[in-house]
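Welcome, and please take a moment to turn the model around before reading on. The paragraphs below will lead you from one place to the next.

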Amino acid sequence: MKPRISVITLGVDDLEKSLKFYQEGLGLQTEGIIGQEFEHGAVAFFDLQYGLKLALWNRKDIAHDTNLMQTQKSPTEFTIGHNVSSKEEVDFVMNQAEKAGAIITVPPHNTFWGGYSGYFQDPDGHLWEVVWNPQWEFTELE
């Protein structure tokens with residue numbers, strides 16, 4: 001398998017509330033909610049980096065589409081890592097998320113491995129780590 005992950009879909013309970021958090025609170029660009037004319041089709045897409053999108057889709061619609069029962073949420077199933085270029089940027093993003101309504105679970109701090117990170121939860125409990133790793137460099141693609 002070639003690694004071609006192009007969409008990360010988060011199941012949400014209130015699509016409009018989550019859209020507002022990511023669009024207005026975190027400043028991610030989107031066309032808004034599309035697909036409302038289809039049963040189980042309402043979704044919002046955000047462009048992240050080149051070739052990668054974030055999708056927000058109602059949990060009940062994911063359950064329908066996958067033929068699985070909707071289960072209880074568990075924020076410890078996975079984390080989304082948002083790597084940044086400095087400690088100051090970690091602080092900035094964490095403050096931005098908190099002002100948008102995120103719950104800070106771990107404030108920014110120096111890590112045991114020499115980096116700097118913090119964790120927050122979005123309105124549906126999805127766990128994001130904002131992290132600076134001094135060993136990683138990023139080249140911005142437009």
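## A walk through the model

Let us begin with P108, which sits in strand β6, a stretch covering residues 103-110. Keep in mind as you look that this is a predicted model. P108 has a relative accessible area of 27%, so this residue counts as partly exposed, since the buried class ends at 20% and the exposed class starts above 50%. Setting aside residues up to four places away in sequence, P108 touches V90, D91, M94, Y116, S117 and G118. Now look for Q36, which is 72 residues from P108 along the chain; the C-alpha atoms of the two are 38 Å apart.

One of the residues that P108 touches, V90, takes us to the interior. The largest nonpolar core has 24 residues, and those touching the most other members are Y22, F46, L56, V90, F120 and V130. Which elements give two or more residues to this core? They are β1 (7-12), α1 (15-25), β3 (43-47), β4 (53-58), β5 (79-84), α3 (87-99), β7 (116-121) and β8 (127-132).

F46 is a good place to pause. Not counting residues up to four places away in sequence, F46 touches L19, Y22, Q23, L28, Q29, T30, L52, K53, L54 and L56. Among these partners, Y22 and L56 also belong to the group with the most contacts inside the core.

From F46 we can step across to T30, which has its place in strand β2 (residues 30-34). Is T30 buried or exposed? Its relative accessible area is 19%, so T30 is buried, given that buried means under 20%. Beyond its neighbours within four places in sequence, T30 is in contact with L19, Q23, A44, F45 and F46. The side chain of T30 also has polar partners in the backbone. A polar atom of this side chain lies 2.7 Å from the backbone oxygen of F45, and the side chain reaches the backbone nitrogen of G32 at 3.0 Å.

Next, follow the chain to the loop between β2 and β3, where H40 lies. Most residues other than glycine have a negative phi. H40 has a positive phi, near 70°. With a relative accessibility of 25%, H40 counts as partly exposed.

A second residue of this kind comes after α2: N67 follows that helix and has a positive phi near 60°. N67 is found in the loop between α2 and β5. Its relative accessibility is 72%, so N67 counts as exposed.

The helix α2 itself also has an inner side to explore. Its buried residues are R59, D61 and A63, and the elements covering them include β1 and β4.

Our last stop is an open space in the model. Rolling a probe the size of a water molecule over the atoms shows where empty space is left. The second largest pocket holds about 440 Å³ of space. Which residues lie nearest its centre? Of the 21 residues that line this pocket, they are G11, R59, Q72, K73 and H126. The elements giving two or more residues to the lining are β1 and α2 (59-66), and α2 gives the most, with 4 residues. The lining as a whole divides into 8 nonpolar, 9 polar and 4 charged residues. R59 therefore ties two parts of the walk together, being one of the buried residues of α2 and one of those nearest the centre of the pocket.

Terms used
Residues are numbered from 1 along each chain as its sequence is written. This is a predicted model: local features need pLDDT of at least 70, side-chain atom pairs count only at pLDDT 80 or more; totals for chains, interfaces and linings use all residues. Side-chain values use heavy atoms; hydrogens and water are left out. A nonpolar core is a set of buried Ala, Val, Leu, Ile, Met, Phe, Trp, Tyr and Cys residues joined through side-chain atoms within 4.5 Å. Buried means under 20% relative accessible area, exposed over 50%, partly exposed in between (1.4 Å probe, protein chains only). Contact means heavy atoms within 4.5 Å. On a 1 Å grid over the protein atoms alone, a cavity is a set of points where a 1.4 Å probe fits but cannot get out, and a pocket is an open set with protein on both sides within 12 Å along at least five of seven lines; lining residues have an atom within 4 Å of a point. Grid points are joined across faces, edges and corners, and a volume is the space filled by probe spheres set on the points. Ala, Val, Leu, Ile, Met, Phe, Trp, Tyr, Cys and Pro count as nonpolar, Asp, Glu, Lys and Arg as charged, and the others, Gly among them, as polar. A polar contact is a pair of N or O atoms within 3.5 Å; within protein, one must be able to donate a hydrogen and the other to accept it, and residues adjacent in sequence count only if both atoms are side-chain atoms.
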